[in-house]
Amino acid sequence: MTLQILVPLDDSPQSMAAVKHAVAHYPGADITILTVIEYTEKKTSLTRGGRGRDEGWYAAEREAAEDLLDEATDTAANHDGDVSTVVKDGSPSSKILNYVTGHAIDIVVMGFRKRSPTGKALFGSTAQDVLLSVECPVVTVPNPES
């Protein structure tokens, strides 16, 4: 059975480092690269170019997500296994957790950055939520420049 790897991706250097790590350390595995367009109802109201509109906030975020996934798949171009991409809308933590449980993921490989306790309390931590909530192993990859 082929190993199923999930790499959650945002626009941080540590996320792209996670893609590189997954490709280098799990040859032959199937890798899914997942990015989440985070939104609130206020952000996606029809007056601001909500979901389903061809212009506005959501369209720009969708285009940025596709560009990010293109960069990640270019990074993984020489990987021996299958590489697929997924875009979800909503809370990054909940979409990652839902994907892990709904797709029999064996390992999550994700970037993380150090935050102060105050920073975690104010802004949350997707990596922390995933680490504490999934039953599969989670490999965290730091920013390569730190």
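Two residues are in contact when heavy atoms lie within 4.5 Å of each other. On that basis, 73% of the contacts in the chain with a separation of 6 or more are made by residues 24 or more positions apart. The model is predicted, and the chain has 146 residues, of which 40% are buried. Strand 1 serves below as the point of reference for the sheet and the cores.

**Overall architecture**

- The chain contains 5 helices and 5 strands.
- In sequence order, these elements follow the pattern β-α-β-α-β-α-β-α-α-β.
- The exposed area of the chain is about 8,400 Å², and carbon and sulfur atoms supply 48% of that area.

**Strand 1 and its pairing**

- Strand 1 is largely enclosed by the rest of the structure, because 5 of its 6 residues are buried.
- Strand 1 pairs with strand 2 in the parallel sense, over 6 bridges; within this pairing, I5 has I31 of strand 2 as its bridge partner.
- The connection from strand 1 to strand 2 passes through helix 1, forming a right-handed β-α-β crossover.
- Strand 1 also pairs with strand 4, again in the parallel sense, over 2 bridges; here the bridge partner of L6 is V108 in strand 4.

**The largest nonpolar core**

- The largest nonpolar core comprises 24 residues, and those with the most contacts inside it are I5, V7, L9, V19, I33 and V109.
- Two or more residues of this core come from each of strand 1 (4–9), helix 1 (13–25), strand 2 (30–37), helix 2 (57–75) and strand 4 (107–112).
- Helix 2 gives the largest share of this core, with 6 residues.
- Beyond its neighbours within four places in sequence, V7 is in contact with A18, V19, A22, I31, T32, I33, L34 and V109.

**The second core**

- A separate, second core holds 15 residues, among them V36, V108, C136 and V138.
- V108, one of the residues of this second core, is also the bridge partner of L6, whereas V109 is among the residues with the most contacts inside the largest core.
- As a general background to such arrangements, side chains in a regular strand alternate between the two faces of the sheet.

Notes. Residues numbered from 1 in each chain as written. Predicted model: local features only at pLDDT ≥ 70, side-chain atom pairs only at ≥ 80, totals over all residues. Heavy atoms only, no water. Core = buried A, V, L, I, M, F, W, Y, C linked by side-chain atoms within 4.5 Å. Buried < 20%, exposed > 50% of the residue type's maximum accessible area, 1.4 Å probe, protein only. Helix = DSSP H or I, 4+ residues; strand = E, 2+ residues; numbered from the N terminus. Pairing = 2+ DSSP bridges. Right-handed = clockwise from strand over helix to strand, strands pointing away. Areas by Shrake-Rupley, 256 points an atom, 1.4 Å probe, with all protein chains shown as cover.
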